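This report goes through the domains, the nonpolar cores and two individual residues of one protein chain. Please keep the sequence and the model at hand while reading.

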Amino acid sequence: MPKRLPALDSLRVLEAAVRHANFTRAAAELGVTPAAVSLRIRDLEAELGVALFRRSGPSVIPTEAGAALAGRMAKALGLIRSAVEACRGAADGLRVTAVPTFAMRWLTPRLAAYHARPDAVPIRLDVSAELRLAGDFDIAIRTGHGDWPGFEATALMPVDATPMLSPALAAGLSSPADLAALPLLPHDDWRRWFREAGVEPPALRFYADDYPTHELDAAVAIEGAGVALLSPRLFGTLLRDGKLVQPFPHVIRGPAAHHILLRPGEARPAVLCFRDWLVDEARRCDDSSMRAA
């Protein structure tokens with residue numbers, strides 16, 4: 001008949017005692033007294049028939065057997081914690097934070113497809129341009145160059161932009177240089193777009209107001225008040241619906257990109273599956289765009 005395994009609590013005490021090499025510090029972590037730790041270790045040694053520590057006054061040194069067992073317990077406890085976090089995450093949902101325009105124009109319209117998957121979990125979406133504290137989200141989608149200290153960044157898609165404006169305002173345009181005479185909604189990349197389109201405009205006319213999101217720029221452009229430099233990847237529906245037009249084919253891309261940010265060592269299946277779905281969806285959209293072109 002197989003022997004009964006020791007109690008899990010006793011093995012947790014062993015792992016903490018070996019890691020700290022001190023019963024008092026292990027007791028503080030576990031919320032018990034040093035005497036309780038000492039008693040647990042003695043009972044465990046008696047149950048296993050093996051010395052787990054060498055005692056020399058107040059000092060305790062793990063034996064080879066004790067260190068080996070504690071090392072394997074550390075791995076086992078890590079797997080248990082991951083399993084519990086995965087279960088808890090599946091019940092509570094993934095906390096996803098994304099920048100406003102990306103959340104509205106790209107992510108939200110695709111979540112129905114994600115939820116059709118058998119491994120989908122509920123999504124709790126936080127829309128913000130500011131990066132939240134690491135403990136406040138499971139996945140973040142932010143725009144930049146990939147240099148977020150303390151996070152593992154996966155590039156999702158490059159930032160792209162091209163002029164868009166209302167059909168009425170576009171009437172009469174014949175070359176990119178003609179755009180310089182129209183009110184341009186403020187954007188840092190206007191001069192870059194003109195240069196890449198082969199134009200060095202003498203001066204640019206900028207719209208009086210500067211809005212904090214591309215979504216607001218698009219709304220102003222729809223009303224015919226100015227020309228917005230927008231992402232055809234994110235605002236393609238406005239082009240297809242005829243609310244805006246793209247008068248010239250040139251699109252600037254990069255060097256910034258939309259990135260997925262995870263905490264280092266993230267291993268929860270629900271988080272990794274959602275990240276992989278985002279990457280696959282972005283790749284699928286790129287393939288569709290290339291076929292359309």
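The text below describes a predicted model, starting with its domains.

**Domains.** The domain assignment splits the protein chain into domain 1 (8-88), domain 2 (94-155 + 256-290) and domain 3 (159-254). Taken over C-alpha atoms, the centres of domain 1 and domain 2 are 38 Å apart.

**Nonpolar cores.** The largest nonpolar core contains 36 residues. Within this core, L94, F102, W106, L107, F274 and L278 have the most contacts. Helix α11 (residues 269-292) supplies the largest share of the core, seven residues. Domain 2 (94-155 + 256-290) and domain 3 (159-254) each contribute at least three residues to this core. Another core, of 18 residues, lies apart from it and includes A16, A17, F23 and V37.

Leaving aside neighbours within four places in sequence, L107 is in contact with V96, A98, F102, L125, I141, F274, W277 and L278.

**Two residues outside the buried class.** A68 is part of helix α4 (residues 64-92). A68 counts as partly exposed because its relative accessibility is 44%, and the partly exposed class runs between the 20% and 50% limits. E200 sits in the loop between α8 (190-196) and α9 (214-222). With a relative accessibility of 61%, E200 counts as exposed, since that class begins over 50%.

The table sets out one residue pair for each of these two residues.

| Pair | Separation in sequence | C-alpha to C-alpha distance |
|---|---|---|
| A68 and I139 | 71 residues | 36 Å |
| E200 and A180 | 20 residues | 9.6 Å |

Terms used:
Residues numbered from 1 in each chain as written. Predicted model: local features only at pLDDT ≥ 70, side-chain atom pairs only at ≥ 80, totals over all residues. Heavy atoms only, no water. Helix = DSSP H or I, 4+ residues; strand = E, 2+ residues; numbered from the N terminus. Buried < 20%, exposed > 50% of the residue type's maximum accessible area, 1.4 Å probe, protein only. Domains from an automatic or database assignment. Core = buried A, V, L, I, M, F, W, Y, C linked by side-chain atoms within 4.5 Å. Contact = heavy atoms within 4.5 Å.
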